[in-house]
Amino acid sequence: MNYNWDWGVFFKSTGIGDEIYLDWFLAGLGWTIALALSAWIIALLLGSLLGVLRTVPNRWASGIATTYVEIFRNVPLLVQLFLWYFLVPDLLPEPLELWFKQDLNPATSAYLSVVVCLGLFTAARVCEQVRTGIQALPKGQAAAARAMGFTLPQIYRYVLLPQAFRIIIPPLTSEFLNIFKNSAVASLIGLMELLAQTKQTAEFSANLFEAFTLATLIYFVLNMSLMLFMRGVEKKVAVPGLMSVGGK
Amino acid sequence: MDFSAIPAALPSLLEGMLLTLQLLVFGVAGGVALGTVLAMMRLAHAPLLSNLAGLYVNYFRSIPLLLVITWFYFAVPFILRGITGEDTPVGAFTSCLVAFVMFEAAYFCEIVRAGIQSIPKGQMAAAQALGMTYGQCMRLVILPLAFRKMTPLLLQQSIILFQDTSLVYSVGLMDFLNSARSRGDIIGQPHEFLIFAGLVYFVLSFSASLLVKRLQKRLTV
């Protein structure tokens, strides 16, 4: 194989200014983290709201939430991203549309589209987890709260949600990790996040194996550290007396 | 919105859909086969085998599919040249398929492993008592039972793969999404074609998941 291995490539100049390739990776990682965290805020808030709606004793509320989940789960992420990035700006009222297309710099408008897209996409998944968490609680919890005179919002606020969130931390963690991985689609609308920077490095330096290996390592380490962090959170907030506390 | 151009474009969209379905069918077949091997490795008593399989699964589950697709697109021709010593042209289709099989195998492995672990130990013991070798036990007793149990999960994962095939857009392969995009651009109605593509994906995966749910009800004992 006539391939020039060079693991020092990351410290070489890119030929643009005095940047080295490692700077590109760091900038890309920054975008990836920014995308994932902002999208996660939307996903968590909207997902929890929808999850509650799905379990509320009201046909309309649960119908709306169910429809939302089915739509957002059955259309590929990439199609959703294209809809948000190419179609939705055209449907905005004129001043907003001009602002989005002309005043914002391209990175910002792409960033906004990806955040909205990933946030709403993941909200459907978070909704399902929240619903499962609420439904996994013994029926007596809600009944007891009602017997004590709690209103429906109070039942959710003080009894159901605090318990549900604590038992669904493992599946929520995997959704949280997924949002980091899914943010790679941003590279397809020209946002220079980690994957896009990797591709660019591979093309500029011709050291594609090194570039992709580093990207893989970054994703791997990111994934592992987030997982450890969430495991810590899980232990800290575990509901005393349940099987899951402290593993076996 | 003017959807009148879509009927005329249907033949080329259908071609894209065929490519999508090819990726899906071969991806699922290869992924389940490799995933089953990985699952048996993970459950093997030899620590080397189970650690190797565990590493494989953790590795692929912590990186984005899009990264795998892009990497393989660049790397497969290189690797093949390293093996055969000459330029072997491989299309984007092959490298994408390899990426899907290797990536999905990690997910299928976990499903198959859970399936095998859900079979009561007595089945294995009984098969061994009848004088079957390990391979026979697995092939004739454990795996058929396990596969029946996990069919719904495997199908659900396949629906996810069906949606994920749209990511081949990144390497320019003309799958359903990409052919809809390019048709729409040529005709000058990108929005209509995009909406149509989204609708088709939705109808297909939604009805597939309804069928899976029904199957799940029938299979539960």
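A residue counts here as buried if 20 or more other C-beta atoms lie within 10 Å of its own, as exposed if 12 or fewer do, and as partly exposed in between, with C-beta atoms placed from the backbone. A nonpolar core is then a set of buried Ala, Val, Leu, Ile, Met, Phe, Trp, Tyr and Cys residues joined through C-beta atoms within 7 Å.

What you have open is a predicted model, in which local features need pLDDT of at least 70, side-chain atom pairs count only at pLDDT 80 or more, and totals for chains, interfaces and linings use all residues. Residues are numbered from 1 along each chain as its sequence is written, and chains are lettered from A and ligands numbered from 1 in the order in which they are written.

**Stop 1: both chains**

Color by chain and start with A. Chain A has 10 helices and 0 strands; helices (H or I, at least four residues) and strands (E, at least two) are DSSP runs, numbered from the N terminus. Its C-alpha trace spans about 75 × 55 × 30 Å along the principal axes, and 37% of its 248 residues are buried.

Now switch to chain B, with 8 helices and 0 strands. Its C-alpha atoms fill a box of roughly 70 × 50 × 25 Å along the principal axes. Of the 221 residues in chain B, 36% are buried. If you color by confidence, chain B averages a pLDDT (the predictor's confidence in each residue, from 0 to 100) of 92, and 100% of its residues score at least 70. The model as such scores ipTM 0.90 and pTM 0.90.

**Stop 2: the core**

Select A:Leu35, A:Leu81, A:Val114, B:Leu67, B:Ile69 and B:Cys109. Of the 108 residues in the largest nonpolar core, these six touch the most other members. Next, light up residues 92-117 of chain B: this is helix α4, which gives the most to the core, with 14 residues. As a rule, nonpolar side chains in soluble globular proteins tend to be buried together.

Zoom in on B:Ile69. Leaving aside neighbours within four places in sequence, B:Ile69 is in contact (C-beta atoms, placed from the backbone, within 7 Å) with B:Cys96, B:Ala99, B:Leu167, B:Val168, B:Ser170 and B:Val171.

**Stop 3: where B meets A**

Show the two chains together. Here 29 residues of chain B are in contact with 31 residues of chain A. On the chain B side, the elements giving two or more residues are α3 (65-84) and α8 (190-219). The largest share, 10 residues, comes from α8(B). By type, the chain B side divides into 18 nonpolar, 10 polar and 1 charged. For that split, Ala, Val, Leu, Ile, Met, Phe, Trp, Tyr, Cys and Pro count as nonpolar, Asp, Glu, Lys and Arg as charged, and the others, Gly among them, as polar.

For a close-up, pick B:Ala75 in helix α3 of chain B. B:Ala75 touches A:Leu208 and A:Phe209, not counting residues up to four places away in sequence. B:Ala75 is partly exposed, because 17 other C-beta atoms lie within 10 Å. Want a distance to draw? The C-alpha atoms of B:Ala75 and B:Pro144, 69 residues apart along the chain, are separated by 37 Å.

**Stop 4: helix α7 of chain B**

Select residues 176-187 of chain B. The end C-alpha atoms of this 12-residue helix are 16 Å apart, which agrees with the 16 Å expected at 1.5 Å a residue; the expected span is 1.5 Å times one less than the number of residues. Its buried residues include B:Phe176, B:Leu177, B:Arg181 and B:Arg183. Among what covers them are α3 (77-91) of chain A, plus α1 (6-43) and α8 of chain B. Step past the end of α7(B) and you land on B:Gly188, whose phi is positive, near 90°.

**Stop 5: a loop residue**

Go to B:Met132, in the loop between α5 (121-129) and α6 (134-164) of chain B. With 16 other C-beta atoms within 10 Å, B:Met132 is partly exposed. B:Met132 touches B:Ala127, B:Cys137 and B:Leu140, not counting residues up to four places away in sequence.

**Stop 6: helix α5 of chain A**

Finish on residues 106-136 of chain A. The 31 residues of this helix should span 45 Å, and its end C-alpha atoms are 45 Å apart, which agrees. Look for a kink of about 25° centred on A:Ala123, where the bend is the angle between axes fitted to the seven residues ending there and the seven starting there. Helix α5(A) is mostly covered, with 22 of its 31 residues buried.

Methods
Two residues are in contact if their C-beta atoms, placed from the backbone, lie within 7 Å.
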